[in-house]
Amino acid sequence: MEKTSMRSPLGKVRGLGSARKGVSHWWLQRLTAMGLIPLVIYMVISLVSAMGGDYINAVAWLQSPINATVMLLLLGAGFFHATLGAQVIIEDYVSNENRRLLALVAVKLAMTGLAALSLFSVLSVALS
Amino acid sequence: MIGDTTSAIGLLATILTFSRIDLERRMRDKDKERIGEMIMAKQRPLSPHLMIYKPQLTTIMSIMHRMTGGALAMGSLLVVWWIVALASGAEYYAFVQTIIGHWMGQLVIFGFSVAVFYHLSNGIRHLLWDFGYNLSIEGVHRSGYVVLVMTLVLTALTWVSVWASVWTN
Ligand code: HEM
């Protein structure tokens, strides 16, 4: 008797299978989400209580080691989480394979660039 | 001459508009017919058809998580801008501060804060589902209402504190 297969006929013909990246993507989206909870809450409270100052106050605020560290972690985890999220949205809505690849590459490059720019800027203020 | 050209363009635009409306109507009718045929032939469409499916708390809140996630990703551009301004010096930072202080800037930040609090609250709801909580129909609805209330409360709390903070600083 033939072994029962869970694969669809179309799946068999294409023979592509899974790229084995799904679990890691899913897990990293959760991991970054869990990390973002305390980071976002801290940042909102810290920003709100520092509100209303000028440039000098803002620089002093970002030079505090805790604020700077939370900001770096928030930007790192946030951009990672947003990139993973944007990937899911693009894979859901862009059905044309060429355009999908183009969109994925563009979003990942842009997110990496923004992350680098903002992390560098935080460091340059915090260490000045 | 100009009058003739204008009316010719107007006539053309009218014809184009009406033929387009008619085309769209016919396409909708054809879609409905096709879906009807598929249902009769028991080759039912695979996913719930969003134009036919009744909007519910679950579906609306689900798409709102995606929309707020996307909005936050776009809004991160503004956060980066603010940080880069801070790193660029007092003059440029003062310019950005006037934009932030303008009522339109405040409106954008208010919208951003609503997106943060909705996505944060509903994100926690998502994580609780992943741990196996609130998976019953009542659980899904109850936690959905909790998320809506939490979004309101956190937004209100934040903006009341902002006014208090600006007042005292
Ligand atoms: C505040 C803490 C946050 C938590 C707890 C959180 C939680 C989550 C969770 C659990 C998901 C997966 C939802 C799913 O599988 O459908 C998700 C998706 C997403 N998140 Fe977040 N998130 C947070 C912050 C952010 C931030 C700061 C951004 C953007 C900069 C963001 C952007 C996104 C995007 C774009 C998605 C994909 C939406 C989708 O697939 O429909 N999130 N978030």
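**A tour of the chain A and chain B interface and its ligand site**

Across the interface of chain A and chain B, two salt bridges are found in this structure, which is a predicted model. To see one of them, select Arg66(B) and Asp92(A) and show their side chains, which meet in a salt bridge with a distance of 2.9 Å from N to O. If you then widen the search to polar contacts between chain A and chain B, counting pairs with both residues at pLDDT 80 or more, there are six residue pairs to look for.

Next, colour the helices of chain A and look at the side that touches chain B, to which H2, helix H3 (55-63), H4 and helix H5 (97-126) each supply at least two residues. Which helix of chain A gives the largest share of this side? Select H2(A), because 12 residues of the side that touches chain B come from this helix, and they make up its largest share. When you colour that side of chain A by residue class, you should find 28 nonpolar, seven polar and three charged residues.

Now select the whole contact between the two chains, which takes 38 residues from chain A and 29 residues from chain B. Together, chain A and chain B bury about 2500 Å² between them, and 76% of this area lies on carbon and sulfur atoms. Within chain A, pick out Val48(A), Met51(A) and Tyr55(A), the residues that lose the most area to chain B and that together account for 21% of what the chain A side buries.

The last stop is the ligand, so select it together with the residues from chains A and B that surround it, since the site is shared between the chains. Which residues come nearest among the 20 around the ligand? They are Arg30(A), His81(A), His65(B), Arg66(B) and His119(B).

Three of these can be examined in turn by showing their side chains beside the ligand. In Arg30(A), a polar side-chain atom lies 3.0 Å from an oxygen atom of the ligand. Arg66(B), whose side chain also meets Asp92(A) in the salt bridge shown earlier, places an N or O atom of its side chain 2.5 Å from an oxygen atom of the ligand. At His119(B), the partner is a nitrogen atom of the ligand, which is 2.8 Å from an N or O atom in the side chain.

To place these residues in the fold, highlight helix H2 (22-50) and helix H4 (65-93) of chain A, along with helix H2 (57-88) and helix H4 (103-130) of chain B, which are the elements that give two or more residues to the shell around the ligand. Finally, colour this shell by class, and you should find nine nonpolar, nine polar and two charged residues.

Conventions
Residues are numbered from 1 along each chain as its sequence is written. Chains are lettered from A and ligands numbered from 1 in the order in which they are written. This is a predicted model: local features need pLDDT of at least 70, side-chain atom pairs count only at pLDDT 80 or more; totals for chains, interfaces and linings use all residues. Side-chain values use heavy atoms; hydrogens and water are left out. A residue is near a molecule or strand if one of its heavy atoms lies within 4 Å of it. A polar contact is a pair of N or O atoms within 3.5 Å; within protein, one must be able to donate a hydrogen and the other to accept it, and residues adjacent in sequence count only if both atoms are side-chain atoms. Helices (H or I, at least four residues) and strands (E, at least two) are DSSP runs, numbered from the N terminus. Ala, Val, Leu, Ile, Met, Phe, Trp, Tyr, Cys and Pro count as nonpolar, Asp, Glu, Lys and Arg as charged, and the others, Gly among them, as polar. Contact means heavy atoms within 4.5 Å. Buried area is the accessible area (1.4 Å probe) that two parts lose on being put together, summed over both. A salt bridge is a side-chain nitrogen of Lys or Arg within 4 Å of a carboxyl oxygen of Asp or Glu.
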